[in-house]
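Student: I have a new structure to learn. Can you take me through it in short steps?

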Amino acid sequence: MATELKNLSSYDPSKTPCGKGYKVGIVYAEWNEEITHALRDGAIKTLCDNGVNAEDITVASVPGSFELIFGASQMVKSGKYDAVIAIGCVIRGDTPHFDYICEGVTAGLSKLNVEYDVPVIFGLITTNTLLQAQERSGGRLGNKGDECAVTALHMIAQFKHQQHEQQ
Ligand code: RBF
């Protein structure tokens, strides 16, 4: 599938905004930790590689993906971050609740994006198998955590000044 091979993990750093001075919150789920820790670490590394100071990155964990909504919401409402990255992994084969969790998290994070002025980046991997999740967390198809970091930098660069002007 064409979309399967499209990823930003091989992004062009020269086209990625410099993140110096940007403050980023990362909230990740401990469920499927093999995957979510790799995504989290990829996001942190890519932020730092692109100029974000390590001390300007705050990392918090929640038990499962469903709690990403609350975790991200708390970070957004704190007013401390220019963007929040939410990271989780739901695997269909392991999870009878797959559709409920995926739909809940998607709706919850989407609501935050509409209601608050801090971009929330969607780093929820939803796959049919563990292998597919591994391929997207540092394997054959890159690391979606890297992509979340690049996306956060673009969103901050695009909208940060606009938000400050509105305040
Ligand atoms: N959380 C995940 O992040 N990924 C999962 O694959 C996952 N599967 C779950 C399967 C079941 C049957 C249940 C009850 C929970 C699962 N959760 C999963 C945890 C969920 O996101 C949340 O932490 C709990 O439902 C408590 O609110």
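Tutor: Start with one definition: a residue is buried when its relative accessible area is under 20%, exposed when it is over 50%, and partly exposed in between. Keep in mind that this is a predicted model.

Student: Is strand 4 largely enclosed or largely open, and how many of its residues are buried?

Tutor: Strand 4 covers residues 120–127. The rest of the structure largely encloses strand 4, because the buried residues number 6 of 8.

Student: Is threonine 126 buried, partly exposed or exposed?

Tutor: Threonine 126 belongs to strand 4. Its relative accessible area is 39%. Buried needs under 20% and exposed needs over 50%. Therefore threonine 126 is partly exposed.

Student: How far is threonine 126 from aspartate 99 in space?

Tutor: In sequence, 27 residues separate threonine 126 from aspartate 99. From C-alpha to C-alpha, the distance in space is 9.5 Å.

Student: Now the whole chain. What pattern does the protein follow along the sequence?

Tutor: Count the elements: the protein has 6 helices and 6 strands. Of its 167 residues, 46% count as buried. Read along the sequence, the pattern is α-β-α-β-α-β-α-β-α-β-β-α.

Student: How many residues of strand 3 are buried?

Tutor: Strand 3 takes in residues 83–91. One side carries Ala83, Ile85, Ile87, Cys89 and Ile91, all buried. The other side carries Val84, Ala86, Gly88 and Val90, also all buried. Both faces are covered, and the buried count is 9 of 9.

Student: How many bridges join strand 3 to strand 4?

Tutor: Look at the pairs. Alanine 86 has phenylalanine 122 as its bridge partner in strand 4, and isoleucine 85 stands opposite isoleucine 121. The two strands pair in the parallel sense, and their bridges number 8.

Student: What is the hand of the β-α-β crossover from strand 3 to strand 4?

Tutor: Leave strand 3 and follow the chain through helix 4, residues 98–115. The path then reaches strand 4. This crossover is right-handed.

Student: Which residue of strand 3 stands opposite tyrosine 28?

Tutor: Strand 1, residues 24–29, pairs with strand 3 in the parallel sense over 5 bridges. Opposite tyrosine 28 in strand 3 is isoleucine 87.

Student: What is the bridge partner of glycine 25 in strand 2?

Tutor: Strand 2 spans residues 57–62 and runs parallel to strand 1, with 6 bridges between them. With helix 2, these strands make a right-handed β-α-β unit. The bridge partner of glycine 25 is threonine 58.

Student: On to the ligand. Which strand gives the most residues to the shell around the ligand?

Tutor: The residues around the ligand include Trp31, Gly64, Phe66, Thr95, His97 and Ile101. Cys89, Val90 and Ile91 are also among them. By class, the shell has 6 nonpolar, 5 polar and 1 charged residues. With 3 residues, the strand that gives the most is strand 3.

Student: How far is the polar side-chain atom of glutamate 67 from an oxygen atom of the ligand?

Tutor: Take serine 65 as a start: a side-chain N or O atom there is 2.6 Å from a ligand oxygen. A polar backbone atom of cysteine 89 lies 2.8 Å from a ligand nitrogen. For the side chain of glutamate 67 and a ligand oxygen, the distance is 2.5 Å.

Student: How much of the ligand's accessible area does the protein cover?

Tutor: On its own, the ligand has 530 Å² of accessible area. The share covered by the protein is 72%.

Student: Near what value is phi of asparagine 32?

Tutor: Asparagine 32 sits in the loop between strand 1 and helix 2. At 21% relative accessibility, asparagine 32 is partly exposed. Most residues other than glycine have a negative phi. Phi of asparagine 32 is positive, near 60°.

Student: One last residue. Does lysine 160 count as buried or exposed, and which residue does its side chain contact?

Tutor: Lysine 160 lies in helix 6, residues 144–166. Its relative accessibility is 17%, so lysine 160 counts as buried. A polar contact of 2.9 Å links its side chain to that of aspartate 82.

Technical notes
Residues numbered from 1 in each chain as written. Predicted model: local features only at pLDDT ≥ 70, side-chain atom pairs only at ≥ 80, totals over all residues. Heavy atoms only, no water. Buried < 20%, exposed > 50% of the residue type's maximum accessible area, 1.4 Å probe, protein only. Helix = DSSP H or I, 4+ residues; strand = E, 2+ residues; numbered from the N terminus. Pairing = 2+ DSSP bridges. Right-handed = clockwise from strand over helix to strand, strands pointing away. Near = heavy atom within 4 Å. Polar contact = N/O pair within 3.5 Å; in protein donor to acceptor, adjacent residues only side chain to side chain. Areas by Shrake-Rupley, 256 points an atom, 1.4 Å probe, with all protein chains shown as cover. Nonpolar A, V, L, I, M, F, W, Y, C, P; charged D, E, K, R; others polar.
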